[in-house]
Amino acid sequence: MANSSALMAAMQKFLVSIGVTAALLSGCGGGSHTIAPYAAGGRSWMAPEAKREDLLYISDYYGVHAYSYPKGQYVGDIGAFGYGLCSDKAGDVFVTDMPVYQVYEYAHGSTKRLQTLYDNSVDFNPIDCSVDPTTGNLAVASADSGFVVVFPK
């Protein structure tokens, strides 16, 4: 019973964070915006100007979407299915893909996958990540095992 209560609390937090994200996006740039349409068939695309802009990446059931920041203009999709997102100093984005036990790195403003990371030594179900700004090391939290796997820069 305690596990189901914890699961329900986690799901509620997730749903609240989606609502907050949608609310923040709707207020960007002073106009009304819709949440990004999904990349049909998992196809990726990125507007050419995205490489020169600050970007906000958002993941949902359909993939990872990129918006210019602070304007909130929809500028592209990465066809990866993501749970957690984080970025490094260069603006490259890391996408955790729990169902396939992998983490993908994409160049800033690009659909080009730079690398795929995984760890066979532990029960690795990557759900979220963070990059240490001092070392550049990537820390990835595993959903089921409670492990944090660190990938050196």
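These legends accompany close-up views of a predicted model.

**View A. Confidence varies along the predicted chain.**
Mean pLDDT for the protein is 77. Of its residues, 73% reach 70 or more. Confidence is highest in strand S5, at 96. It is lowest in helix H1 (residues 2-27), where the mean is 39. Over residues 1-41, pLDDT stays under 50. The model has 29 contacts beyond four places in sequence for residues 1-41. Where pLDDT is low, the predicted coordinates should not be read in detail.

**View B. The largest nonpolar core has 14 residues.**
Met46, Tyr57, Val75, Ile78, Ala80, Val95 and Tyr106 have the most contacts inside this core. Five strands are listed as suppliers of at least two core residues each: S2 (55-60), S3 (63-68), S4 (74-78), S6 (93-97) and S7 (102-106). In soluble globular proteins, nonpolar side chains tend to be buried together.

**View C. Ile78 and its contacts.**
Neighbours within four places in sequence are left aside here. Ile78 then touches Ser44, Met46, Tyr57 and Gly63. Its contacts also include Val64, Val93, Tyr106 and Ser110. Apart from the core of Ile78 lies a second, separate core of eleven residues. Among them are Cys86, Val103, Val131 and Val140.

**View D. Cys86 and Cys129 form a disulfide.**
The count of disulfides comes to one. The two sulfur atoms are 2.2 Å apart. The link is left-handed, with -120° about the S-S bond. Cys86 lies in strand S5 (residues 85-87) and Cys129 in strand S9 (residues 126-131), so the pair ties together parts 43 residues apart in sequence. Both Cys86 and Cys129 are buried.

Conventions
Residues numbered from 1 in each chain as written. Predicted model: local features only at pLDDT ≥ 70, side-chain atom pairs only at ≥ 80, totals over all residues. Heavy atoms only, no water. Core = buried A, V, L, I, M, F, W, Y, C linked by side-chain atoms within 4.5 Å. Buried < 20%, exposed > 50% of the residue type's maximum accessible area, 1.4 Å probe, protein only. Helix = DSSP H or I, 4+ residues; strand = E, 2+ residues; numbered from the N terminus. Contact = heavy atoms within 4.5 Å. Disulfide = S-S within 2.5 Å. pLDDT = per-residue confidence, 0-100.
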